[in-house]
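Reader: I would like a close look at one part of this model, namely the salt bridges, with the cut-offs stated wherever a term depends on them.

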Amino acid sequence: MGSAIDLAAAVRTGARSARSITEEHLAAIDAREGEIHAFNLVTRDQALAAADAVDAAVARGEDPGPLAGVPVALKDNLCTRGIPTTCSSRILEGWRPPYDATVVERVLAAGGIPVGKTNLDEFAMGSSTENSAFGPTRNPRDPSRVPGGSSGGSAAAVAAGFAPLALGSDTGGSIRQPAALCGVVGVKPTYGAVSRYGLVAFASSLDQIGPFANSVDDAALLLDVISGHDPLDSTSIAAPPTSLRAAGGDVAGLRIGIAVELTEADGIAPEVRTAVERAAEALVAAGATVERISVPSAVYGLSAYYLIAPAAASSNLARYDGVRYGLRSPGVDVAEMNAATRDAGFGDEVKRRIMLGTYALSAGYYDAYYGQAQRVRTLIIRDLAAAYERVDALISPTAPTTAFPFGAKTADPLAMYLSDVCTIPTNLAGHPAMSVPFGLGADGLPIGVQVLAPALGETVMFRVARAIEAAGESA
């Protein structure tokens, strides 16, 4: 159906109508959504109305914007005015936000066409999209396998051709890991580069919104649209964004490091390690220098994350009390109603993380657990800073393996958590990282190579990603 860049150019010049493009993608959804279940809700009527508005603007001689007529899938934890936003949880049953998230406003202002709200692990807690209250999403490359998580619906929507672009959120790898498993590009920007206003919070110091796309250039197009300061988000960086579409793909003279601890961690499949080594060889062939770089404290990233993130979740999810919005279960008094609502409304993984986080924050354990995890976070920031004094960017695996079968890890939460071992350090540091498809495993399923950069280093990150993408396409 064409790249997002090509589709937008065709609409802006009048060569194609936004309505015809939207109808094509809605037909693709109709054909395969029953099998994949990428969406919790397809917003057909709203999408066609938005497409007609874009076509009317073109007819008036106006430029609808850089996303003119391009369908975009939205993760169902991004607020959409008057449209159900569920976070794939029963506890938000019936809730329709009274406002749009800033990223949704920016997509609409750029002429993008939201086509639906995508499935996710409940409240973005998971690595397989098996934790949704509405059933799992399937991997379009092999429907017997998971798409990754928590943004599995968004990754699957792009991989299946339901939309050229999608938005997800990344707290510990929830954009990059499903991008790797579904064979698409996924980007986690620098913390604060994209507004979190209207993103339903999981862990506020870690969450970041970013794009999925079929190419690095398409991802740059969407990231350019959603980036930039937002006064509604107190953590938003007050600086103008740089154009990532203009970044190019020249890596001559760049210094690239292979992140040793992330590439050689337990559980990394040999074929995934080989893909990283092949990507490094391609970068050398393109004029970069490559060396192995140690980030010693990265080995503690997983442990620190699974104290910091649940602690934040136990605080953020306290607002779901049966009083203000969403589900309400009956009780003889407020306390019983509150407990019954949360018991009925939250799934097992969300309950597990709330209990873990509440314990880590409790009197007598705070310093031993939460405080210690934050000190590890500081060590990771320092070790990455030292690495970036020697190199301009790092590469590593994105996910330890290719997509795994449904049910393979649901009985063992720790095994599931290990799916994020390569992606978590970036979130703890607040740095940007992205996954680029690079070859297939022995099972014929995609492998992703991760590109990491220092804070606000997206320009260099995209240059490296384009070089890896070009090498993968020519291999």
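Author: What follows goes through the salt bridges and the exposure of the residues that form them. This is a predicted model, in which local features need pLDDT of at least 70 and side-chain atom pairs count only at pLDDT 80 or more, while totals for chains, interfaces and linings use all residues. Residues are numbered from 1 along each chain as its sequence is written, and side-chain values use heavy atoms, with hydrogens and water left out. A salt bridge is taken here as a side-chain nitrogen of Lys or Arg within 4 Å of a carboxyl oxygen of Asp or Glu, and a search of the whole structure finds 22 of them.

One of these joins D52 to R19, with the closest N and O atoms 2.8 Å apart. This pair links distant parts of the chain, since D52 lies in helix α3 (residues 44–59) and R19 in helix α2 (residues 18–36), 33 residues apart; helices here are DSSP runs of H or I with at least four residues, numbered from the N terminus. D52 has a relative accessibility of 33% and R19 one of 30%, so both count as partly exposed, a class that lies between buried (under 20% relative accessible area) and exposed (over 50%), using a 1.4 Å probe and protein chains only. Through salt bridges that share partners, R19, E23 and D52 are joined into one network.

E24 and R16 form another salt bridge, their closest N and O atoms being 2.9 Å apart; E24 is partly exposed at 33%, and R16 is likewise partly exposed at 26%. In the pair of K351 and D343, the closest N and O atoms are 2.9 Å apart, and K351 is partly exposed, with a relative accessible area of 24%.

Terms used:
Helices (H or I, at least four residues) and strands (E, at least two) are DSSP runs, numbered from the N terminus.
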